[in-house]
Amino acid sequence: MSSDSRTKITFYGGVHEIGGNKFLLEDKETRIFLDFGMQMGKANQYFTEFLQPRTCNGMGDLFEFGLLPKLKGLYRKDYAKHMGFDGREGNEIDAVILTHAHVDHGAYIHYLRPDIPIYCSEATKLIMQAFQDTGTGSSDEYVTFKENFMVRLNRIGDLSKITGKDMSYPRRLLIFDNSKKFTIGSVEVEAIPVDHSLPGACGFIIYTSMGSIGYTGDLRFHGRRGTETQKFLEKCGNSELDILLCEGTRVHENSSESEIDVEEGVGKIVNNTENLVVCSYPTRDLDRLLSFYNAAKQSGRDLVIDLKQAYILKLFQNSDSWKNIYPKPDDRKIKIYIPKKVWGLIDKDIEYWGKKMLLEDYPNWVHEFLDYDNRADYRTVSSNQKEIIFYCNDFQLQELIDIRPRENSSYIRSSTEPFDDEMALDQRRVKKWLLRFGLLNKDLEWNHLHVSGHGSGDQIRKIIEGSNTRTLIPIHTEHEEFHKQWHPRVQDVQLNDSVSM
Ligand SMILES: [Zn+2]
């Protein structure tokens, strides 16, 4: 418990770095985390895909490098007990409120106690559900909690592990309604949708006993929902903000391109391509999917998406508020690509092998798509190259071996440029593949059509100036100097610092 009675915010990540937002707000007896994300930059300095924190050490491997704050009454008891950290304390956190479902804002909720309620938008929950259902590791468990390290005495008096389905139960995910405020202890929260590179992103205005706080989350004006960011800004301007926590990922850049420019650019390339169009874009950016879908429609082609995207589209179809925004997974202009898996039975004689063997090639969440009329495999794509835009991310390039793009095919890269050595190396490998399959020429230049999920300098300046905030705290940025230029009262916060109101 904090010793002084003033309202304060402590910054456990997300300052002087991009992402990893974990801000603890304390007001009277109420304690709320604003986001609980992974510090990607710092985490990647120690861990890689094949060098991961060990589950058996619970939070310990992350504590070692300061990647999680060492606070009691916050973490899941099964991990905490197993590592002797705590596990007996009661819950000391009233809630976590999530701005959106990107890993640098929400990935570490996996480590939280299941009795901490997590407030999020419906779309955020759907995306976390998709992450979990289509993921592989235990760290993909967002919406359910699975008890680990549980034992019992068996009949002969030896310890035995308790595992299985009955050890899982849903986390307390509470979906907030964007049209009304909700109360957590002594504070009131207003969640307002903003435009970002995945559906369901929100900014917050938080009314505490000592004044109001605005929190942008990640936002921009140049996507399909720029008017939502505009409304968020207007609310901020009318809320007499004492503090604004404002992102600044791209404050040092200026560009005026929009999502619609991406859609038009894609359309032009598609129209100028005789054979197959191959593309890559972020899996969960459904507004980008829509750009490719619209470009496919206007050129009379079908968009062939992967299974993970089909699954997300399916989940969004079950939501009343989202079902008409994105295409259905069985839309007339969509095809769902079924890759060869373990035994590669998709193109074999199913009469001989049997449906059961085919299903065994895929995890359960894939099974229903095997019966969709709009399913496709390499044969469909290979023999209809003029009629298809084929989604192929960097982990699906093997499909090109079976598809064999014909001469005069194109490749469109619709994702961020590499920002570290590892990404640059990965990108060189992708280019080797594309060169091999005639999708790039020797100059290795690809069609790059992309706009960021973050507002550039002019947009962030507009947020700062329009917010009318008394104090400004730069977050989610490595360029605080711009915030200082654009506001007279900037508080420069270091990691683990607290700011009182
Ligand atoms: Zn984000």
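**Notes on the 501-residue chain**

1. Charges to begin with: the chain carries 64 positive and 75 negative side chains, and the centres of the two sets sit 3 Å apart. Here Lys and Arg count as positive, Asp and Glu as negative, while His and the chain ends are not counted. Each charge is placed at NZ of Lys, CZ of Arg, CG of Asp or CD of Glu.

2. Before going on, the ground rules. This is a predicted model, in which local features need pLDDT of at least 70, side-chain atom pairs count only at pLDDT 80 or more, and totals for chains, interfaces and linings use all residues. Residues are numbered from 1 along each chain as its sequence is written, and side-chain values use heavy atoms, with hydrogens and water left out.

3. Overall build: I find 17 helices and 24 strands in the chain, taken as DSSP runs numbered from the N terminus (helices H or I, at least four residues; strands E, at least two). The radius of gyration is 24 Å, close to the 23 Å that the globule rule gives for 501 residues, so the chain is as compact as a globular protein of that length. That radius is taken over C-alpha atoms, and the rule is 2.2 Å times the number of residues to the power 0.38. Along the principal axes, the C-alpha atoms fill a box of roughly 70 × 70 × 45 Å.

4. Inside and outside: of the 501 residues, 56% are buried (buried is under 20% relative accessible area, exposed over 50%, partly exposed in between, with a 1.4 Å probe and protein chains only). The chain exposes about 22,900 Å², and carbon and sulfur atoms supply 47% of that area. The areas come from the Shrake-Rupley method with a 1.4 Å probe; for residues, only the protein chains shown count as cover.

5. Contacts along the sequence: take the contacts between residues at least 6 apart, and 69% of them join residues at least 24 apart. Contact here means heavy atoms within 4.5 Å.

6. Salt bridges: the count comes to 28, a salt bridge being a side-chain nitrogen of Lys or Arg within 4 Å of a carboxyl oxygen of Asp or Glu. R54 pairs with D61 at 2.8 Å, N to O; R54 is partly exposed at 48% relative accessible area, whereas D61 is buried at 10%. R379 and D377 come to 2.7 Å between their closest N and O atoms, with R379 partly exposed at 39% and D377 buried at 8%. With E228 and R225 (3.7 Å, N to O), the acid is the partly exposed partner, E228 having 26%, and R225 is buried at 10%. Have a look at E26, R31 and E92 too, which are linked in a network of salt bridges.

7. Helix α16 (residues 457-467): its buried residues are G457, Q459, I460, I463, I464 and S467. These pack against two helices, α6 (226-237) and α17 (480-486), and two strands, β15 (241-247) and β23 (471-475). After α16 comes N468, with a positive phi near 55°.

8. Loops beside those partners: E240 is not a glycine, yet its phi is positive, about 45°. E240 lies in the loop between α6 and β15 and is exposed, at 69% relative accessibility. H476, in the loop between β23 and α17, also isn't a glycine and has a positive phi of about 55°. H476 is buried, with a relative accessible area of 0%. I'd check both residues by eye.

9. L34: this residue belongs to strand β3 (residues 30-34) and is buried at 2% relative accessible area. Setting aside residues up to four places away in sequence, L34 touches N21, K22, F23, I97, I206, Y215 and L245. From L34 to G457 it is 423 residues in sequence and 24 Å in space, C-alpha to C-alpha; G457 is one of the buried residues of α16.

10. K340: look for this one in the loop between β18 (334-337) and α10 (350-353). K340 is partly exposed, at 34% relative accessibility. Beyond its neighbours within four places in sequence, K340 is in contact with I346, D347, Y362, Y378 and D402. K340 and G19 are 321 residues apart in sequence, and their C-alpha atoms are 36 Å apart in space.
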